[in-house]
Amino acid sequence: FDVYFVDQDLGPVTKIAPTIQRYWGQKVLIIYLDDDRIYRPDLVETLVRLAKQYPNSAIAAHTVAVRRQLREAYWRRRPTLYRIFRLLTLNFWNPKRAADNDTFRIAEGFGGVLVRPEFFDSQIAECPNHLRNVDDVWLSGMLTLNQHTIVDVPSLRPSSQPNVVDGEDTGNFDALIQSREE
């Protein structure tokens, strides 16, 4: 068990970029996750087992389907048109159903993600300022750019129970997911 401190603040990507750089060229598995969740006791063991099964893929307990997110955002801005389509098709048409074959996914770090250093390149620490607070997008984009898929394993998702410390729920305290960027 090693602990390393870094001098440069790269934003949220600091949690993983220096570690990836430290272990480039080495055959290691790196797992990153948030410290304010309750995880299954077998999370690490399961991620490692799946890494052997999918050696060229990142393994993530929670992902977001990008096309589905874009489709939902499109229809949220057009609620009347959405309702008309639903009525005309007797509620059979649903744009959310098409997400099952969405190949581009964003690995959400809060669920736990396993990667290998060679999945990334030297740009890992050069996260653009407009992506600084959405490191999951940057990291997933880097994986895709380097032709590594993201395997979604919903059964590994962390508990949705609140994480209470000293009587305070820490689960969504200042969560970046609630912020809006440009």
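**A walk from Ser57 into the cores**

Let's start with one handshake between side chains: Ser57 and Thr149 are joined by a polar contact of 2.6 Å. Keep in mind that you're looking at a predicted model.

Where does Ser57 sit? You'll find Ser57 in strand β2, which covers residues 57-60. And is Ser57 buried or exposed? Its relative accessibility is 8%, and buried means under 20%, so Ser57 counts as buried. If you skip residues up to four places away in sequence, Ser57 touches Phe119, Thr149 and Val151.

Now let's turn to the nonpolar cores. The largest one has 22 residues, and the members that touch the most others are Val13, Ile16, Val115, Phe120, Trp138 and Leu139. Which elements supply at least two residues each? They are α1 (17-22), β1 (30-32), β2, β5 (113-115) and α5 (135-145). Helix α5 gives the most, with 4 residues.

Pick out Phe120 and look around it. Leaving aside neighbours within four places in sequence, Phe120 is in contact with Ile20, Trp24, Val115, Leu139, Met142, Leu143 and Asn146. There's also a second, separate core, made of 11 residues, and among them are Leu50, Ala51, Val151 and Leu156. You've met Val151 already, as one of the residues that Ser57 touches.

Last stop: the aromatic rings. How many aromatic pairs does the structure hold? The count is 0. One ring does have a charged partner, though: Arg22 lies over the face of Tyr4, at 3.5 Å from the ring centre.

Definitions and conventions:
Residues are numbered from 1 along each chain as its sequence is written. This is a predicted model: local features need pLDDT of at least 70, side-chain atom pairs count only at pLDDT 80 or more; totals for chains, interfaces and linings use all residues. Side-chain values use heavy atoms; hydrogens and water are left out. Buried means under 20% relative accessible area, exposed over 50%, partly exposed in between (1.4 Å probe, protein chains only). A polar contact is a pair of N or O atoms within 3.5 Å; within protein, one must be able to donate a hydrogen and the other to accept it, and residues adjacent in sequence count only if both atoms are side-chain atoms. Contact means heavy atoms within 4.5 Å. Rings of Phe, Tyr and Trp (its six-membered ring) pair if their centres lie within 6.5 Å; planes under 30 degrees apart count as stacked, over 60 as edge-to-face and the rest as tilted. A charge sits over a ring if NZ of Lys or CZ of Arg is within 6 Å of the ring centre and within 35 degrees of the ring normal. A nonpolar core is a set of buried Ala, Val, Leu, Ile, Met, Phe, Trp, Tyr and Cys residues joined through side-chain atoms within 4.5 Å.
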